[in-house]
Amino acid sequence: MVKVTIDGKIYSVDETISLLEILQSLKLEIPTFCRDERSEEKLGICGMCAVSIDGTVTKSCKTKPAEGMVVNTAAPEVIENRKKLLQKYIDNHHVNCLVCEKAGHCKLQEYCFKYGIDKTIPNSLDLLPIDDSNPFFKIDPNKCIGCGKCAQICRNFQCNHALKLKNTNGKMHTWANKADNINSSTCVSCGNCVSQCPTAGLLPKYKNSFRHWETTTVKTTCGYCGIGCQINFEVKDNTIVESHPVLVKPNLGLLCVKGKFGFSYINHPDRLTHPLIKENGVFRKASWDEAFNLITTKLKETSKVYGSEAIGAFSSGKCTNEENYLFQKFFRGVLKTNNVDHCSRLCHSSSSAALGKTLGYGAMSNSVHEGFDSKVILISGENIRETHPVLGAKVKHAVQNGAKLIVIDVRDIDLSEIAQVFLKINPGTDIALVNAMINVIISEELYDKEYVSNNTIGFEALKESVKDYTPEYAEKICGILKKDIIEAARIYSNDIATTYLGMGNTQHINGSDNVTALSNLALICGNIGKERGGVNPLRGQNNAQGACDMGAFPDIYPGYQKVDDLEVKEKMEKFWNVENLSPLSGITVVEMINKIAKNEMKFLYVMGENPLMTDPNLHHVRSAIKNLDLLVVQDIFLTETAQMADVVLPASCFAEKEGTFTNTGRRIQRVRQVVTPPGEVKIDLDIILELMKQMGYNQENKTPETIFNELCEITPLYNGFTYPLIENEGVQWPLVDGKGTEFLYQDLKDLKKKFSLIPVELTNSIEVINDEYPYYLTSGRVLYQYHTRSMSGRVDGLNEKCPEAYAEMNSKLLEEISKKDGDMVTIKSRRGEITVKIKLREGIKDGLIFVPFHFSNTLVNDLTESEFLEPVSKTPEYKICPVKLI
């Protein structure tokens with residue numbers, strides 16, 4: 001610490017940080033254009049932060065404090081310097097403030113007003129061309145002041161290097177880096193540069209005309225992926241007109257293209273605005289009373305004639321915790337069935353099962369924001385830059401700062417280009433690879449002996465089980481060089497390592513074992529219970545974790561309390577004031593469809609899910625659904641599933657309700673009503689409450705907050721949580737001494753039981769390639785679309801960036817089938833066929849085809865099989881599907 005005098009007062013300050021940071025920490029108003037408080041890099045371009053230091057005007061961002069330094073932040077020479085700089089900026093600026101969309105939100109305008117700069121530009125100013133190529137924003141060099149902040153954000157935080165400063169005729173301005181325009185550059189349209197631009201140099205392409213002083217701002221949680229980004233929405237006339245990231249955990253001021261620009265679906269004319277009832281195959285408008293009466297009448301009739309087991313319900317990873325809790329309470333407590341499941345069954349239930357068995361909690365052990373500071377990162381079966389873009393940016397930031405990255409995937413991805421080791425694996429051979437890494441780590445004695453001895457059981461059995469999985473053996477199975485396996489093992493064991501995993505691991509017949517193997521790897525290296533470590537399955541939907549926590553599974557109550565535990569059953573009956581809760585586990589999503597196909601289930605209620613696109617073997621699903629006496633769908637659009645429904649209930653989207661989401665990192669976050677729903681749309685909670693009432697149950701708590709308090713009381717992981725506690729940036733479960741848990745198992749000495757090392761063996765997929773079906777099809781997500789496109793498919797810019805499905809193949813495969821890039825190809829499995837355009841991608845594994853699953857006119861799941869289920873979690877085998885090409 002050193003003593004400095006600032007504006008006449010003496011302070012003891014940290015000499016290792018910049019003077020600007022110290023001045024800002026003292027709440028002194030220091031103007032700046034180029035400063036980003038998250039960045040360690042001090043650009044020092046704009047010069048506005050200059051102050052008087054010992055009588056000399058000096059940039060404070062480039063200066064560190066020294067003993068005895070005298071600083072004056074408002075000396076006459078400081079003010080004069082700021083005025084000269086502003087005059088220079090405004091003289092080279094296209095001043096059309098009366099029609100500029102940034103008016104009222106422009107730092108240059110604000111500072112010129114504050115310092116009395118009123119000179120406008122000369123009429124002879126030559127305007128430079130505007131880059132209007134990107135569907136979401138434009139670059140206007142005439143409004144740019146050349147501060148470099150946008151390029152710094154792209155370089156250091158999004159890590160895409162898509163922007164640079166360019167000198168055109170003596171004017172410095174931002175422009176596309178190594179490309180003719182921004183749309184043909186490496187830009188991923190995240191808009192983080194746009195959010196931080198101090199002028200209109202980078203400007204969103206607004207769908208609605210507004211002035212910033214006409215808007216109100218509401219903070220909420222993003223409704224897309226599971227990261228849980230905090231967003232400030234600007235609202236005018238009950239319409240969201242702009243989105244800005246909030247500088248809090250977990251996103252720390254970052255958004256992706258969908259969070260920044262993908263909100264126009266909320267006011268889309270396709271929104272459902274009133275109930276629909278199908279008569280003679282055609283929907284007609286109905287009243288809420290009519291819809292409720294039809295549903296409750298059929299529920300009572302089904303229960304009486306066929307029993308409660310003939311009723312099924314799909315809850316939703318898109319709905320709030322409060323809605324998921326109340327939904328499963330309705331079906332369990334009122335209708336007496338445990339046939340409640342949701343989309344996590346199809347994605348990450350195998351990771352939940354595996355981690356619950358090996359570690360204790362079936363969730364991410366660490367936090368999203370830790371990605372910035374990781375030292376060693378293993379990414380397995382997860383295209384993180386496209387599926388969870390903000391976390392992907394943090395990982396790339398860590399790699400730029402020296403982190404070692406290992407990528408395991410069947411095709412090259414954004415991050416594989418910068419990975420220390422890229423393990424391009426044969427589909428379905430993950431266990432052999434991970435066991436081989438464990439083999440190397442044990443044989444070379446690189447494992448953490450003390451940690452293993454103190455905190456785990458089963459090491460000797462694990463050691464014995466991997467002895468035959470040598471790098472040479474795995475090389476033959478996995479199609480990876482043994483030297484790369486050895487290098488990956490040595491890197492992983494050299495420092496604290498974090499593991500991120502996705503559906504490339506879980507959507508296999510041996511999905512739970514895949515995750516168990518990764519858990520074994522993390523445990524022998526002592527990576528559990530440490531910051532920047534852990535095993536971290538990444539949830540795909542905004543509240544997939546919360547839906548799991550709320551008991552939207554057939555075998556658990558909220559908080560993973562087993563339905564067949566009689567003590568828990570009695571507790572729930574008393575708490576809910578009900579009798580005769582079923583002690584029998586219900587059945588899963590796929591099992592419900594199979595039961596419907598056999599006419600053994602007559603009523604299905606689907607809230608916020610689209611199984612007519614997401615379930616495997618869609619021919620089977622479509623045929624089965626026709627057997628129902630009544631299908632009810634509660635959603636915001638007439639999805640593929642809603643089109644087959646008998647009753648459609650118009651629901652509210654995330655921006656139209658209050659409540660909470662729980663992100664993929666266990667962070668419970670507030671969801672706030674930004675706009676009111678359109679037409680006759682009801683809040684989802686109100687729909688469920690009305691059904692409970694009409695079925696004779698008195699639900700005392702009826703508001704989101706009181707329902708949250710109720711669920712926290714009965715859900716052990718949520719004990720102690722309140723809305724005020726999570727108000728700012730959310731808090732991660734469980735609470736310990738009133739504080740959230742950023743990474744699990746922190747106090748290893750207090751573990752109730754040791755972690756389990758469980759040997760796993762490689763097993764082949766049930767359906768494998770042969771002469772008739774010689775290739776493997778795999779599917780997944782892409783950056784510019786989201787799940788079944790009910791939301792993203794109604795955003796023009798996202799459709800422009802990714803308008804249709806495609807089939808990725810490498811040139812070797814194209815040569816085999818005598819096709820070329822851009823040709824159409826028919827992909828046929830034992831269950832169906834699709835026709836799609838070929839997209840050449842050299843980095844994909846030989847003999848493999850990748851098709852995104854988002855598009856309803858190219859239904860990948862017409863090809864996949866519903867009979868092949870992972871035995872523990874009953875997750876379908878999505879990632880390996882033998883096909884032929886025609």
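# Surface patch, cores and a buried lysine

User: In this predicted model, which strand holds Met-172?

Analyst: The model is predicted. Met-172 sits within residues 171-176. That run is strand β8.

User: Is Met-172 buried, partly exposed or exposed?

Analyst: Buried means under 20% relative accessible area, and exposed means over 50%. Met-172 has 36% relative accessibility, so Met-172 counts as partly exposed.

User: What accessible area does the nonpolar patch with Met-172 have?

Analyst: Met-172 shares this surface patch with Ile-45 and Leu-165. Together their accessible area is about 210 Å².

User: Which helix gives the most residues to the largest nonpolar core?

Analyst: The largest nonpolar core has 96 residues. Met-809, Ile-827 and Ile-849 have the most contacts inside that core. The helix giving the most to this core spans residues 389-400 and supplies 6 residues. That helix is α12.

User: How many residues are in the second, separate core?

Analyst: The second core includes Ala-354, Val-466, Ala-489 and Leu-518. Its size is 59 residues.

User: Where is Lys-845 placed?

Analyst: Strand β35 covers 833-840, and strand β36 covers 848-852. Lys-845 falls in the loop between β35 and β36.

User: How far from Lys-845 is the nearest side chain of opposite charge?

Analyst: Lys-845 is buried yet has no salt bridge. Its contacts, not counting residues up to four places away in sequence, include Val-410, Cys-478 and Asn-810. A salt bridge needs a side-chain nitrogen within 4 Å of a carboxyl oxygen. The nearest side chain of opposite charge is Asp-846, at 7.2 Å.

Definitions and conventions: Residues numbered from 1 in each chain as written. Predicted model: local features only at pLDDT ≥ 70, side-chain atom pairs only at ≥ 80, totals over all residues. Heavy atoms only, no water. Helix = DSSP H or I, 4+ residues; strand = E, 2+ residues; numbered from the N terminus. Buried < 20%, exposed > 50% of the residue type's maximum accessible area, 1.4 Å probe, protein only. Lys, Arg positive; Asp, Glu negative; His and termini not counted. Contact = heavy atoms within 4.5 Å. Core = buried A, V, L, I, M, F, W, Y, C linked by side-chain atoms within 4.5 Å. Patch = residues over 30% accessible without salt bridge, like charges linked within 9 Å, V, L, I, M, F, W, Y side chains within 5 Å. Areas by Shrake-Rupley, 256 points an atom, 1.4 Å probe, with all protein chains shown as cover.
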